[in-house]
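Here's a quick briefing to read with the model open beside you. Take a look at the structure first, then work through the points below.

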Amino acid sequence: MPQQWIETFVFFAWLAGAAAFVLGLHQMNSPATARGGNRLSAAGMAVAVLATLVHVAARPEGLGTTAIAIIAIGFLIGGGFGLLVARTVKMTAMPQLVSLFNAVGCGAAGLVAIDDYIRVLGTAEETVSTAIFVVLGVAIGCVTFTGSLVASGKLQGLIPGKPIILAGGRLLTIALAVAALLGTAALVLSAGGVIVLEPAAKLLVLGVIIGAGLGFGITMVLPIGGADMPVVISLLNSFTGTAAAMAGFVINNPVLIIAGALVGAAGGILTKLMADAMNRSLMNIVAGGFGGGEGTVGPGAEGGAGSVREIGPDDVAIQLAYASSVIVVPGYGLAVAQAQHAVRELADLLESRGVDVKYAIHPVAGRMPGHMNVLLAEANVPYPLLKEMDDINPEFERADVVLVVGANDVTNPAARSNPASPIYGMPILDVDKAKSIVVIKRSMGRGYAGIDNELYTNPKTGMLFADAKDGLASLVAAVKAV
């Protein structure tokens with residue numbers, strides 16, 4: 001086949017792959033079409049990869065046996081590991097898996113940029129544009145690689161979730177940023193002929209940029225608390241896309257540029273939405289967050305002013321069975337207990353008795369955006385019953401009972417009433433406006449913001465101390481007996 005025909009075929013294959021990415025991303029707007037969007041995007045990536053292999057193999061130098069063997073082994077190891085982890089990971093561990101994938105993606109993008117820079121070093125291809133794209137790809141890739149590993153470690157519990165403040169840490173972060181910027185300027189100016197650097201000196205400067213980027217990722221993420229880690233992961237995901245786009249410019253691969261730009265833009269938009277949902281600026285989050293994980297206060301303890309009223313399954317069952325309207329507020333506790341099927345069973349039972357049941361979804365409930373949507377979709381909860389915060393908040397005043405299952409900070413009235421609270425101003429679910437409130441929780445432990453929840457001492461609130469799955473099972477049995 002003539003070379004021109006092969007190039008045309010590859011170009012259209014790349015275009016088809018890019019179109020699949022865009023359409024797939026659009027389908028992820030709704031849980032009803034998200035699975036199809038994932039499949040379409042994966043198919044687009046398969047087409048893009050195969051087209052790239054054809055593109056490289058069609059070159060005069062072709063693909064040697066060694067290169068083919070390395071690619072095949074990489075596919076087997078990477079694909080096998082990815083398939084195994086994706087199928088076995090729990091939903092509660094999905095954010096740290098996403099962060100780990102961020103690290104792998106950015107590490108790969110950084111290595112591609114480094115390899116290409118070494119290839120063009122000292123040749124006519126070493127232009128200013130090449131130097132800029134290489135340095136951006138390397139710097140962003142290194143920052144995201146170590147930053148994502150630290151974020152994943154914090155969420156997994158391998159690193160303490162509380163903010164870790166190093167002595168002189170901020171000065172070190174600034175020094176690393178300055179070193180990376182100076183190195184970038186040196187390589188760009190050298191490529192433009194403004195200054196003269198020997199190849200060995202350029203590699204040394206590149207090494208400084210790599211080291212500064214790796215260190216910056218660590219010192220940037222360590223001081224951020226566990227409560228802010230989902231936002232950080234979203235930000236790092238945006239960096240991953242940007243690094244991939246830079247790698248695409250380096251190796252002149254249009255589909256990689258498009259895919260990277262999509263991921264970068266989507267991650268950036270998601271980061272902004274999550275920061276807005278917490279009523280905090282991105283700079284405030286990166287400068288150091290609050291929260292260090294669940295507290296250890298036992299059942300029956302007091303949370304701030306007022307006392308806690310404990311309630312049993314039978315009392316809750318009577319309230320639910322004779323209610324006209326019930327709103328379920330799922331949270332991270334539901335995810336930990338894998339109680340999505342139990343809550344669906346309870347909802348079905350109540351609906352069979354004529355009770356109107358809805359689910360209130362906060363944008364940052366759980367550990368990642370859409371966490372609750374995915375969990376409830378797994379239990380086949382009808383999507384129309386899942387109501388976003390702005391839609392459901394006006395309905396709380398008319399609700400007979402609100403059942404809070406494992407949610408904490410997103411239901412805390414202190415966000416509206418206490419200017420001294422670290423979550424003051426954060427949009428919350430207006431649970432406290434309901435006629436009656438039931439909270440299923442293992443203990444009076446604090447949420448990721450590390451503060452007491454004023455909802456628990458509200459006279460309208462009854463606390464059912466139990467694991468979410470066990471508590472819901474007891475409610476199902478009690479409602480059946482009513």
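Five bridges join strand S1 to strand S4, and the two run parallel; strands count as paired if DSSP finds at least two bridges between them. Helices (H or I, at least four residues) and strands (E, at least two) are DSSP runs, numbered from the N terminus. Keep in mind that this is a predicted model, where local features need pLDDT of at least 70 and side-chain atom pairs count only at pLDDT 80 or more, while totals for chains, interfaces and linings use all residues. Residues are numbered from 1 along each chain as its sequence is written, and side-chain values use heavy atoms, with hydrogens and water left out.

**Strand S1 and its partners**

- On the S4 side, Pro330 of S1 has Val405 as its bridge partner.
- S1 is also joined to strand S2 (residues 356-361), by four bridges, and these two run parallel as well.
- One of the residues involved is Ser325, whose bridge partner in S2 is Asp356.
- How many residues of S1 (residues 325-330) are buried? Six of its six are, so you can call the strand mostly covered (buried means under 20% relative accessible area, exposed over 50%, partly exposed in between, with a 1.4 Å probe and protein chains only).
- In a regular strand, side chains alternate between the two faces of the sheet.
- In S1 both faces are covered: one side has Ser325, Ile327 and Val329, the other has Val326, Val328 and Pro330, and all are buried.

**Asn393 in its loop**

- You'll find Asn393 in the loop between helix H15 (389-392) and strand S4 (401-405).
- Asn393 is buried, at 14% relative accessible area.
- Setting aside neighbours within four places in sequence, Asn393 is in contact (heavy atoms within 4.5 Å) with Ile428, Leu429 and Asp430.
- A polar atom of the Asn393 side chain lies 2.8 Å from the backbone nitrogen of Asp430.

**Aromatic pairs**

- A pair of aromatic rings is described by the distance of the centres and the angle of the planes.
- Searching the whole structure turns up two aromatic pairs. Rings of Phe, Tyr and Trp (its six-membered ring) pair if their centres lie within 6.5 Å; planes under 30 degrees apart count as stacked, over 60 as edge-to-face and the rest as tilted.
- Phe11 and Phe12 are edge-to-face, because their ring centres are 5.8 Å apart and their planes sit at 80°.
- Phe11 is partly exposed, with a relative accessible area of 46%.
- Phe133 and Phe249 are stacked, at 4.5 Å centre to centre with 10° between the planes.
- Phe133 lies in helix H5 (residues 128-156) and Phe249 in helix H8 (residues 229-251), so this pair ties together parts that are 116 residues apart in sequence.
- Both rings belong to partly exposed residues: Phe133 has 23% relative accessibility, and Phe249 has 37%.

**Cysteines**

- The disulfide count is zero, where a disulfide is a pair of cysteine sulfur atoms within 2.5 Å.
- Why is there no bond for Cys106? The closest cysteine sulfur, in Cys142, is 9.1 Å from its own, which is too far.
- Cys106 is buried at 0% relative accessible area, and Cys142 is buried at 9%.

**How confident is the prediction?**

- The protein's mean pLDDT is 85, and 91% of its residues reach 70 or more (pLDDT is the predictor's confidence in each residue, from 0 to 100).
- Over residues 289-304 the pLDDT is below 50, and this stretch has 50 contacts in the model beyond near neighbours in sequence.
- Where pLDDT is low, the predicted coordinates should not be read in detail.

Notes
A polar contact is a pair of N or O atoms within 3.5 Å; within protein, one must be able to donate a hydrogen and the other to accept it, and residues adjacent in sequence count only if both atoms are side-chain atoms.
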